[in-house]
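Reader: I'm new to this one, so could you take me through a single part up close? I'd like to hear about the aromatic rings and what sits around them.

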There are 2 protein chains.
Amino acid sequence: MADIKKIVECVVNYSEGRDLNKIEKIIEPYRAKEGVKLLNYEADKDYNRVVVTVMGEPEAVKNAVVQSVGIAAELIDMTTHEGQHSRMGATDVVPFIPIKNMSMTEAVELAKETAKAINEAHDIPVFLYEKAASKPERENLATVRKGQFEGMPEKLKDPEWKPDFGKCEIHPTAGVTAVGARMPLVAYNIDLDTPNVEIANKIAKVIRHSSGGFRYIKAGGVEIKERGITQVTMNITDYTKTSVYRVFETVKMEAKRYGVNVLGSEVVGLVPMEALIDSAQYYLGLYGFSMDKVIETSLME
Amino acid sequence: MADIKKIVECVVNYSEGRDLNKIEKIIEPYRAKEGVKLLNYEADKDYNRVVVTVMGEPEAVKNAVVQSVGIAAELIDMTTHEGQHSRMGATDVVPFIPIKNMSMTEAVELAKETAKAINEAHDIPVFLYEKAASKPERENLATVRKGQFEGMPEKLKDPEWKPDFGKCEIHPTAGVTAVGARMPLVAYNIDLDTPNVEIANKIAKVIRHSSGGFRYIKAGGVEIKERGITQVTMNITDYTKTSVYRVFETVKMEAKRYGVNVLGSEVVGLVPMEALIDSAQYYLGLYGFSMDKVIETSLME
């Protein structure tokens, strides 16, 4: 029973991970506001960065983000900022993720509106990235952010790197912000019954896009010392195109080459309902099925 | 991302399946009302009965039901009613089904409140049934309804069958109503690659509760002539206790005795999200998983 209300998620990254007082002020616009829900925020001291996850109605989320970006611009001075994570602005990146009753096109539109509003309200230049990118070279965030805060004044003078909104000059203390749109990620790990990380690496190589695997898989091998096993750890960047079960079964198939068993798997953080239901559909051989048939129950304990 | 709002489903059965004018008036209280959504209604002429499915916030659904039961009492005269389906009242049965952020205990409580309000507002005697039943003999609706409208005046005189609300006398034209609570059903069919319905019947017998199978399965065999196959057709009456995958795998296992393949399966009507995610969890060997991790996306086409 799909509700008709559109729901978007937004994962805003700010360059402040140490001063809890400032962080509280920055996230204030996401609290107790009609149509916006603050789901989670995680500050990292070494990164000197906080990642804030909010969900809600597109217009309400946009307005809260614009307001919060203004507070971050007042409280964070990038000229003295240090931390281990790449960054180019007080509000560094703002990805929008369509969750319910929204297409990617609508999420891209929302990203553009938000980018425009941020620039108009706070005079911060904004790049659009990922699905909202205005050209292919701007899709990858790492490319956009290359040079970081310190390199941005120079980078913005290059006509290739004219911001999508705003002038070719950084905000003196808040730098530059990237606003984008992407699919919900599935962070997914598959456990292998071997302590040999070489095998996990080889399987990761087979399934990931960059070395010939599935289009929407980024993967690597990792050792889980305390359990004496290894994992193929991955991000599924579009579960509607590369299914969870398909990756799981492929890893099982490849593991056989090494006489290794697959023990199970785990999702890290949140997982889209459809990514799991799609797998149930495969394993149960469900025909004549569509997501319209699903009632969003929460009864199991 | 569970919303905290409680959501209940209610499937109200009225003894009018022919006069669309009357049906429109009866379902009017479910339309355009804050907190109530009319999902579906299906009138059957032979049964002379309409099944109305609504969903929403408990209090709002209760009030709409009470109002609608009053309209049905005015428009339907059971003394002249005829139809092929068993019935005992103008509003025949009112089951409440917990959907979100509600326990069965709360659904039972809602059923009792609704039953009381129906009796007080319209002077219709009410039986509680299924999970709301006041004694074991009243759990089964068929037992409660035995004797039907015509037999009720006599039945109500039996102290064993004193109504849970109201006096021991039927409403002269609206009869008696049953209000209950139950889990969401999963109507589920598994396809067998054989035209021999005997095999489907034998497998149905193995899995159903009544003949030694799973506690929450009611099943039978059926021939699908146009496809040259048979099905094990079933209701899973509590998917939190008897899982979809467990029944599917058991049917596969039993089908092997007859050298028959399982072709696939289908859910009929709506299916609770958790019933499918539970199966995904099994097949993917997901550990460390809980329903809190699920974001209720709707992006797939």
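Author: Start with Trp161(B): the charged end of Lys155(B) sits over its ring, 4.2 Å from the centre. Arg215(B) does a similar job over the face of Tyr216(B), at 4.7 Å from the ring centre. (A charge sits over a ring if NZ of Lys or CZ of Arg is within 6 Å of the ring centre and within 35 degrees of the ring normal.) Keep in mind that this is a predicted model, where local features need pLDDT of at least 70, side-chain atom pairs count only at pLDDT 80 or more, and totals for chains, interfaces and linings use all residues. Residues are numbered from 1 along each chain as its sequence is written, chains are lettered from A and ligands numbered from 1 in the order in which they are written, and side-chain values use heavy atoms, leaving out hydrogens and water.

Now for rings that meet rings. Nine aromatic pairs turn up over all chains; rings of Phe, Tyr and Trp (its six-membered ring) pair if their centres lie within 6.5 Å, and planes under 30 degrees apart count as stacked, over 60 as edge-to-face and the rest as tilted. Phe127(A) and Trp161(A) are edge-to-face, 5.6 Å centre to centre with 85 degrees between the planes. Both Phe127(A) and Trp161(A) are buried, meaning under 20% relative accessible area, with exposed over 50% and partly exposed in between (1.4 Å probe, protein chains only). Tyr245(B) and Tyr282(B) are stacked, because their centres are 4.0 Å apart and their planes at 5 degrees. Tyr245(B) is buried at 13%, while Tyr282(B) is partly exposed at 43%. These two belong to one aromatic cluster with Tyr283(B), Tyr245(A), Tyr282(A) and Tyr283(A).
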